[in-house]
Structures are given as C-alpha cells and as structure tokens.
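This report describes selected features of one protein model and the ligand it holds. Please keep the sequence and the structure in view while reading.

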Amino acid sequence: MDLPALIEALRRVLPERERIALHEPEFGLAERQALLDCLDSGYVSSIGKYVDRFEQELAAYTGASHVVAVVNGTAALHIALKLAGVEQGDEVLMPALSFVATANAATYCGARPHFVDSEFTSLGLDAAAMDEHLRHVAVASKEGWRNRETGAPLAAIVPMHTFGHPVDLDALVALSERWHIPLVEDAAESLGSVYKGRHTGRAGRISALSFNGNKIITTGGGGAILTEDAKLAERARHITTTARVGRGWTFQHDEAGYNYRMPNLNAALGCAQLTRLPAFVEEKRALAARYREALHDVAGLKFVAEPADTCSNYWLCAVLLDEARGSTASASCELRDAVLQATNELGIMTRPAWDLLHTLPMYADCPRAALPVAEALARRLINLPSSPQLGRV
Ligand SMILES: *Cc1c(COP(=O)(O)O)cnc(C)c1O
C-alpha cells in the first residue's frame, strides 16, 4: 500500500484547510427562517404544520405511501421491528457490520440480534451466505422458522445500506419470501439512494430513516418510518404518540405507547434541509467521482464504488485497503491504523468501519454465522471526508 501516493491523492481532491471533518451538516437562510417561523407559531413540540409537511415531502421524495416522523432513527427502527412482529424472545437477522443502533433496536423489542455476513460488492448483507446459514441453523415449527440451537423464532431480516450503498434488495426480498421472514430495512444511511430505480427503504413491509447530525440531511435528531401499508402506518402513528385515543381535553390511552413523535421544531429544520437534498446527493456523488479518479492509480487500495444498478448517495466515501503483506489479520489492522494515524495527523479526518457488533460486550454471546467478509471489511476499510461541501468546486 502506497501511503505517500494516497496522501497526495487526498490532497488533490480536498481543499487546503487545517482540519477536514468526516461529515459536516450545512445550514443557511432557509433553515434559520423555518426555525424562527416555527418559534413564532408557538407550536414547537409534537403538533404543528412542519411535522405534517416534512412527512408529506419525504413521502414525495422517496415515493413511500406513508411516512411517520419520529425522534431518531433508532426509535424508527424499534417501532418498525415491533410492527413487523418482532417480540420478546425472538431473533433478528442483521449484519455484524453495522452501527450499534441496528442491534439496539432489536434489543428494545426484547429480541436478540443474530449476526450474518456481508458481501464485498455492496458492503451489506450477503443473501446467498444467509440462505446457506439458514439451511444449517433454521428448523421449521408451526409458528415459522426457529434457530435450532436456541429455539428462538427467526422474526425479521434487517439489511442496512452501508454508507449509503444499496444492498442487493432483489436477492434479499427473494430470501425473505422463501423463508417467510419479514424484511425490515435499516435505511438510516441511504436517504437519496436508489436501487433499480426505486428509493431504498421501500422493499420490505416497513423501514427506518435517520436524520441525525452526521447523516445526509439532519433535523438535529430525528428519524422516520416508511411503509406502503396504511394499517401499519396508522399503528406507527398511534404507538409513537403515547397511544392516545382521547380527543379535546380527554387524555385516554389504550396501550403503553411511546413518546417518539418528532417535534415541530426539528421538522422545521427538516423541511429546509429537504430542499437541499437533491443538491447534497449530487455534490456527494461528484466528490465520490473525484476520489475515484484520484485514487485509481494508488497501489494497494480500491475506492468503494456503488454496486451495479444502483445510485448511491455516497453518504460516506470509503476505500478498501488490500490485505497487508503476509496476509495476517493483525498485519492488515496495523496497516489500516497507520493510514488512519497519518491522515488524521494531517487534519484529514478518516475513520475505520464500526467495531463488528458481535465484538461488543453486550452482543458477544448472540448467535451468529461465520463472518469472514465482515471481518475482512472491518480490518481493511477506511472512510474518507464526505461532506457535500467538498464536492462543490
Ligand atoms: C444513524 C444510524 C441509525 C439511527 O441512528 P439515530 O442516531 O438514532 O438517528 C441506525 N442505523 C444505522 C446503520 C445508522 O447509521
């Protein structure tokens, strides 16, 4: 791996600045005006015109029939899993290579994550490897497939669109149908990413988006549930609004619901940010194209490009380092760390992929498949600065 050539290439793509963040939000006049208007309206909390507008505009952008805005992406995924039928004692199939929120959302349902491997092309769930794994581990019961070792029902499959790159949804939908296990997309990173002409987050019954500060658009904190199913949408709206049934001055609630609805203040910010989303996607794709070209001739690494038939939002650009000489895992980790060290010392914020979820203390005992690709990705992958501003030349 040619470290000086990598640094030279990054310098050519990036502006000359003391410090270049991994991902920065951008706000302007539209955001200020929307927030002030929201304050002046007096409606800053979970009722207000901006929440309705944000949901409608998100539905129009993604093509989803129903959108329910909530307090964050983790809450969106929690409710999506619950409405897909995930219950206490179930297992939820998900990639080991993901942000911790994917596993936490399953935990909030009283379920356990069951980790499966990823593929190199999309960095997301490998449908063929999962099929093979299920053949070994799943056993049929009256209520559906169970894990033959733990006895737990296999209640959902949760693909995640890693760094914005759409996973192979056709293969996963086929797998979900073959095994009768519902698909719930964690689309937290893929607002603006399209798989075969269709926005991500629309393949399963229900899915989740995030608008955290580091995502492609932000509401400060926020998330959304997407679904094509009117009944599920109604349920989602109900249980995220403390399951309130009373009208006027009555406060009646028909189950233990959640206070998960997005406040109007956050939605106001979201409406302003949404107007910039198409430009952000274009700028991030332009930045990716420049990285790709600049890194083309750098020995010992490959720029991670969008999979065929997809249009990625390139939320976080990434390179995959070749396995280090000698091909021992620790040599590759040392090489990755040397690249991280050298770039960060120059003020170019890079970072490794997440620690694989089964290596975290609370998920160490969870069931899992062999994870050779996720392990290789974790020791070889590096994210590059990816703010949309960097793609503006
Ligand atoms: C950001 C993110 C979430 C949700 O995060 P919040 O901070 O709760 O909005 C979930 N899954 C993945 C993969 C994410 O990157």
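In this predicted model, L36 belongs to helix α2, which covers residues 29-41. L36 also takes part in a feature of the surface: together with L39 and V44, L36 makes a nonpolar patch of about 260 Å².

**The ligand and its surroundings**

The ligand is surrounded by 15 residues, of which G73, T74, E189, S210 and K215 come nearest. Two helices contribute to this shell: α4 (73-83) and α5 (100-108) each supply at least two of its residues. Where does the ligand lie with respect to the pockets of the protein? The space that the ligand takes is the second largest pocket.

The table lists three polar contacts with the ligand. In each row, the distance runs from the named protein atom to an oxygen atom of the ligand.

| Residue | Protein atom | Distance to a ligand oxygen atom |
|---|---|---|
| G73 | backbone N or O atom | 2.7 Å |
| E189 | polar side-chain atom | 2.5 Å |
| S210 | polar side-chain atom | 2.7 Å |

How much of the ligand does the protein bury? Taken alone, the ligand exposes 380 Å², and the protein buries 93% of that area.

**Salt bridges**

Side chains of opposite charge can pair when their charged atoms come close. Across the whole structure, a search finds 19 salt bridges. One of them joins the side chains of R392 and E26, with a distance of 3.0 Å from N to O. Why does this pair tie together parts that are far from each other in the sequence, 366 residues apart? R392 lies in the segment after β16 (381-383), whereas E26 lies in the loop between α1 (3-13) and α2; the pair therefore links parts of the chain separated by 366 residues in sequence.

How values were computed. Residues are numbered from 1 along each chain as its sequence is written. This is a predicted model: local features need pLDDT of at least 70, side-chain atom pairs count only at pLDDT 80 or more; totals for chains, interfaces and linings use all residues. Side-chain values use heavy atoms; hydrogens and water are left out. Patches are made of residues with over 30% relative accessible area and no salt bridge: like charges are joined within 9 Å, nonpolar side chains (Val, Leu, Ile, Met, Phe, Trp, Tyr) within 5 Å. Accessible areas come from the Shrake-Rupley method with a 1.4 Å probe; for residues, only the protein chains shown count as cover. A salt bridge is a side-chain nitrogen of Lys or Arg within 4 Å of a carboxyl oxygen of Asp or Glu. Helices (H or I, at least four residues) and strands (E, at least two) are DSSP runs, numbered from the N terminus. A residue is near a molecule or strand if one of its heavy atoms lies within 4 Å of it. A polar contact is a pair of N or O atoms within 3.5 Å; within protein, one must be able to donate a hydrogen and the other to accept it, and residues adjacent in sequence count only if both atoms are side-chain atoms. On a 1 Å grid over the protein atoms alone, a cavity is a set of points where a 1.4 Å probe fits but cannot get out, and a pocket is an open set with protein on both sides within 12 Å along at least five of seven lines; lining residues have an atom within 4 Å of a point. A molecule sits in a cavity or pocket if more than half of its atoms lie within 2 Å of its grid points.
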